[in-house]
Amino acid sequence: MDNAVYLHHLDVLLQRYKEALSQFKLDAIVVASGALSYYYHDDNSHPFKPYAGAQQWLPFALPANCYVVIKADQLELIWPAKQDFWHMVNAVPEGEWQSAWQITPVENQDWVAALPTHCALIGPANLEGVPNLASLETWLDFYRAVKTDYEIECLSKASHIAAAGHKAASDAFLAGASEFEVHLAYLNATRQDAAYTPYPNIIGINEHAAVLHYEQKDHLRSFRPLTLLVDAGATYNGYASDITRTTLALNDDFKALHDDVNTLQQRIANQSLDGQSFIELHDQTVAGIADILRTHDLCSLSVEEQIAKRIPQHFYPHGLGHLLGLQVHDIGGRQINHAGDTKPSPAESPFLRLTRPLQENMVITIEPGLYFIPMLLDQLKADVPQHGCNFAKIDKLLPYGGIRIEDNVVVGKSQIRNLTREAFDAL
């Protein structure tokens, strides 16, 4: 990536932090990457993921025990350099990025004494004499929803890595692989260790595709593979992609359902423009699922009747999508100002993670689904009189599990940029 794009990213971050310095009357802000954590009663550490507020500043994966110190006229990277014969000592990555930084290798916390008097800390750490200000962190979190060109490029690269994995996973499934074998094919194609994927890969065959966060990965091959649902991503410089694809073994009624969900997904994605209400887009998606149920003779009621009786939510129980960035469910989706006030999810859509209006250069997921989940279908039968659902046909579709199609989309003024479709087109 062109270093000029990264330097412009730093300029934007510096402007945001200078505003914060003024707002909170500070001379410096320290951002901690975090420390290793350990399994209970064990000396084996959890996989390390740096605090996003620190990772945002650097164009490589940050190790534990780093600190970013931001002053109005200086950026300093405090780098852990304590000698250790048990583990590899992290070397400072080479590159043009260093021109913007003062890099200070340290073996202890003596550097803290040189910090200005009016200083605050954010992130998972404690520094003696430096207060940790949750209100400052909240103030800065509000900015994270809108991405710089550098961040969008990182998210694009993460999408390209993941697309290769999805292609490999689909090919493995069609060749008869088990869920576990599909998982290994994905990891091999993306060149990722499972511990460092942005979230645990969801790889469900047949009925398992109806479990929204299925993570078990059966080692046994399916006797009659029908459906593969893969929800999996990749990371680049700490930024995550989050992509779902559904692969079908047969060209049948379920394939027709899949095609209509894909058409709906693209229609909604293309409306993800600056100023648009994401709540309204979710409501349109619920109506779209109702129309698909009616069109495919799964429910005889009109779209309006289905919505009044909340029938679509039994086939599509989750929200339309969320913010995406350094975290898969990126922070601030319900935050409506710097002070941290929030707009809660609507009562009829309790799982919706994004309620603030869309802004240009937000990156979001658009991920409608249509599932045959026995628990929800039993509730539908029990709780909704005159539901109009064709359970003779629905029961035949239970072995297929479900459909989810998820793209990563950059919100635009007049048109979107679909990072996921770009990545698949480039394969």
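The expected span of a helix is 1.5 Å times one less than its number of residues. The views below come from a predicted model.

**View 1. Helix α5 runs from residue 179 to residue 190.** It holds 12 residues. From first C-alpha to last, α5 reaches 17 Å. That is close to the expected 16 Å. Just after α5 comes Arg-191. The phi of Arg-191 is positive, near 55 degrees.

**View 2. Six named side chains of α5 are buried: Glu-179, Val-182, His-183, Tyr-186, Leu-187 and Thr-190.** They cover an arc of only 135 degrees around the axis, which puts them on the same side of α5. An α-helix has 3.6 residues a turn, so residues three or four places apart point the same way.

**View 3. The buried residues of α5 pack against one helix and two strands.** The helix is α4, residues 149–174. The strands are β6 (202–205) and β7 (227–232).

**View 4. Residues 153–412 carry the UniProt annotation "domain: Peptidase M24", from an unreviewed entry.** Helix makes up 35% of this span, and strand 13%. The end C-alpha atoms of the span lie 15 Å apart.

**View 5. The whole protein has 11 helices and 15 strands.** Its radius of gyration is 24 Å, close to the 22 Å that the globule rule gives for 427 residues, so the protein is as compact as a globular protein of that length. Along the principal axes, the C-alpha trace spans about 75 × 45 × 45 Å. Of the 427 residues, 52% count as buried. Among contacts with a separation of 6 or more, 72% join residues 24 or more positions apart. The accessible surface comes to about 19,400 Å². Carbon and sulfur atoms account for 52% of that surface.

Terms used: Residues numbered from 1 in each chain as written. Predicted model: local features only at pLDDT ≥ 70, side-chain atom pairs only at ≥ 80, totals over all residues. Heavy atoms only, no water. UniProt positions renumbered as here; feature names shortened; annotations may be inferred. Helix = DSSP H or I, 4+ residues; strand = E, 2+ residues; numbered from the N terminus. Buried < 20%, exposed > 50% of the residue type's maximum accessible area, 1.4 Å probe, protein only. Arc of directions from axis to C-beta. Contact = heavy atoms within 4.5 Å. Rg over C-alpha atoms; globule rule 2.2 N^0.38 Å. Areas by Shrake-Rupley, 256 points an atom, 1.4 Å probe, with all protein chains shown as cover.
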